[in-house]
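Reader: I am in my first year and still learning how to read a model like this one. Please choose a single part, the largest pocket, and take me through its surroundings slowly, so that I can follow along on the screen.

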Amino acid sequence: MSLDTKRLADELAEQVVAWRRHLHQHPELSFEEEQTSQYVYETLQSFGNLELSRPTKTSVVARLIGSQPGPVLGMRADMDALPIHEENAVPYASGKAGVMHACGHDGHTAMLLGAAKILSQYKDKIKGEVRFFFQHAEELPPGGAVEIVRAGAADGLDSIIGIHLASYMPVGKFGVLYGALTSSTDRFDIKIQGKGGHSSQPESAIDPVVIGAQVITALQQIVSRNVSALDKVVLSVTMLNAGTAYNIIPDSMTLTGSTRCFDAKIRENLPVWIERIVKGTTEAHGASYEFSFSHGYTSVVNDQQVTKLMEDTIRERWGEEDIIYIDPLMPGEDFSEYLKKAPGCFIQLGAGNPEKGFVYPHHHPRFDFDEDALARGVELFVRAAQKVVME
């Protein structure tokens with residue numbers, strides 16, 4: 001069946017923007033999306049033809065089951081906001097101090113609502129199922145995706161797609177990448193136990209600050225000396241805590257940081273390499289240590305076949321000139337959890353526009369995006385569904 005997807009998306013564009021602005025004005029943090037999920041549930045309920053469920057307290061899944069058997073296509077949007085105080089002076093600015101949608105999740109949710117509204121009108125033309133995932137808590141590991149998957153809501157998927165708005169790309173362009181798209185995101189915590197004392201008598205103490213400084217410097221050599229220059233790895237120490245007064249050598253120091261990479265073997269080796277440095281450095285100075293390593297999100301790896309379908313869909317509708325073949329991205333994304341159930345593809349959709357002032361990066365207090373991108377996202381979802389479950 002052939003749909004006039006441009007007309008359908010354009011007719012709904014004003015409503016999609018309205019949904020986005022409502023969500024932007026009422027942000028909620030990860031695992032706290034109670035009003036957001038209820039708003040999404042009630043909006044979906046108004047469309048008809050959808051089977052709705054709440055696999056977790058703050059998520060919504062909508063199933064559009066066709067009149068004939070066929071494949072099950074998943075579509076996902078995330079709904080949570082960030083603990084950032086918005087600095088934009090716009091009519092739809094966040095109404096909650098210290099919380100804002102600074103990563104485009106309001107737009108993701110609005111686009112998927114738009115796709116659900118359009119496709120729900122064609123239930124009798126669908127061969128198979130379209131399953132819409134409105135996910136909580138992407139921003140805070142262990143994340144919402146793992147909870148949805150564990151609840152069984154992703155069982156039976158044949159493929160899944162997602163779209164992420166990207167302020168670093170021109171509005172309307174599509175970022176496509178085959179293979180590994182995002183890095184794994186893991187955390188390490190180190191406690192160096194020394195021996196406190198007076199700052200005038202360091203010889204009587206075992207100074208954890210000096211030891212910690214050596215550990216921080218040595219950790220940077222992991223990337224340059226343990227990893228091939230052809231592999232992408234980031235190791236960052238981001239939090240330090242030690243001391244209570246200027247004239248006291250503290251008993252202990254804690255260090256926290258993150259590691260990001262794309263290669264599974266390197267990910268497996270990173271905690272071994274980190275602990276080896278911590279162990280050697282502390283022992284050399286007569287101190288002791290505690291070490292923990294917590295796995296976060298795995299890499300999003302775009303499937304060849306599903307990515308080809310998305311690339312072809314974009315090219316057929318918008319042309320080669322609107323495709324940008326992007327490099328892998330270091331931020332993490334728990335869309336990867338769905339990919340343990342079914343092959344999929346995660347597309348980047350440009351939403352930056354310097355002429356309109358949309359130049360700030362994600363997670364910035366002045367982040368915003370060009371809402372002209374939303375209609376394209378809606379249309380891409382619909383056209384993908386048309387290829388998978390309506391032909």
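Author: In this predicted model, a good place to begin is with the strands around the largest pocket, where β5 (159-170), β8 (184-193), β10 (233-242), β12 (252-261), β13 (288-297) and β16 (344-352) each supply at least two residues of the lining. The lining comprises 38 residues, and those that lie nearest the centre of the pocket are E139, R260, P331, G332 and H363. By character, the lining residues divide into 16 nonpolar, 16 polar and 6 charged, and the space they surround has a volume of about 940 Å³.

It helps to ask where this pocket sits with respect to the domains. Domain 1 (5-183 + 299-390) and domain 2 (184-296) both contribute residues to the lining, and therefore the largest pocket lies between them.

Now consider the residues that a database record picks out. The unreviewed UniProt entry has an annotation "binding site" that covers C103, H105, E139, H164 and H363. Although these residues span 261 residues in sequence, no two of their C-alpha atoms are more than 13.8 Å apart, so they gather at one spot. The lining of the largest pocket includes C103, H105, E139, H164 and H363, and E139 and H363 are also among the residues nearest its centre. To find C103 on the screen, look in the loop between β3 (68-78) and α3 (105-120).

With the pocket in view, we can turn to the two sheets from which its strands come. One is an open sheet of 4 strands, in the order β10-β12-β8-β13, with antiparallel pairing. Its edge strands are β10 and β13, each of which pairs on one side only, and from one strand to the next the twist averages 15 degrees. Within this sheet, β8 and β12 pair in the antiparallel sense over 10 bridges, and D189 stands opposite T256 in β12. The unreviewed UniProt entry also places a feature named "domain: Peptidase M20 dimerisation" at residues 188-260; this span is 25% helix and 40% strand, and its end C-alpha atoms lie 11 Å apart.

The other sheet is open as well, with 8 strands in the order β1-β2-β4-β3-β5-β16-β6-β15 and mixed pairing. β1 and β15 (323-325) stand at its edges with a single partner strand each, so one side of each has no neighbour in the sheet. Here the twist averages 25 degrees from one strand to the next. Two strands of this sheet, β5 and β16, stand beside each other in that order, and each supplies at least two residues of the pocket lining.

To follow the other sheet from its β1 edge, start with β1 (residues 51-53) and β2 (residues 60-65), which pair in the antiparallel sense over 3 bridges, with V61 in β2 as the bridge partner of S53. These two strands form a hairpin with 6 residues between them. β2 also pairs in the antiparallel sense with β4 (residues 127-135), over 6 bridges, and V130 in β4 is the bridge partner of L64. β4 is in turn joined by 8 bridges to β3, and these two strands run parallel, with F133 in β4 as the bridge partner of R76. From β3 the order continues to β5 and β16, which brings you back to strands that help to line the largest pocket.

Technical notes:
Residues are numbered from 1 along each chain as its sequence is written. This is a predicted model: local features need pLDDT of at least 70, side-chain atom pairs count only at pLDDT 80 or more; totals for chains, interfaces and linings use all residues. Side-chain values use heavy atoms; hydrogens and water are left out. UniProt positions are given in the numbering used here, feature names are shortened, and annotations may be inferred rather than shown by experiment. On a 1 Å grid over the protein atoms alone, a cavity is a set of points where a 1.4 Å probe fits but cannot get out, and a pocket is an open set with protein on both sides within 12 Å along at least five of seven lines; lining residues have an atom within 4 Å of a point. Grid points are joined across faces, edges and corners, and a volume is the space filled by probe spheres set on the points. Ala, Val, Leu, Ile, Met, Phe, Trp, Tyr, Cys and Pro count as nonpolar, Asp, Glu, Lys and Arg as charged, and the others, Gly among them, as polar. Domain bounds come from an automatic or database domain assignment. Two strands pair if DSSP finds at least two bridges between them. Axes are lines fitted to C-alpha atoms, for helices over the stretch in contact, and angles run from 0 to 180 degrees between N-to-C directions.
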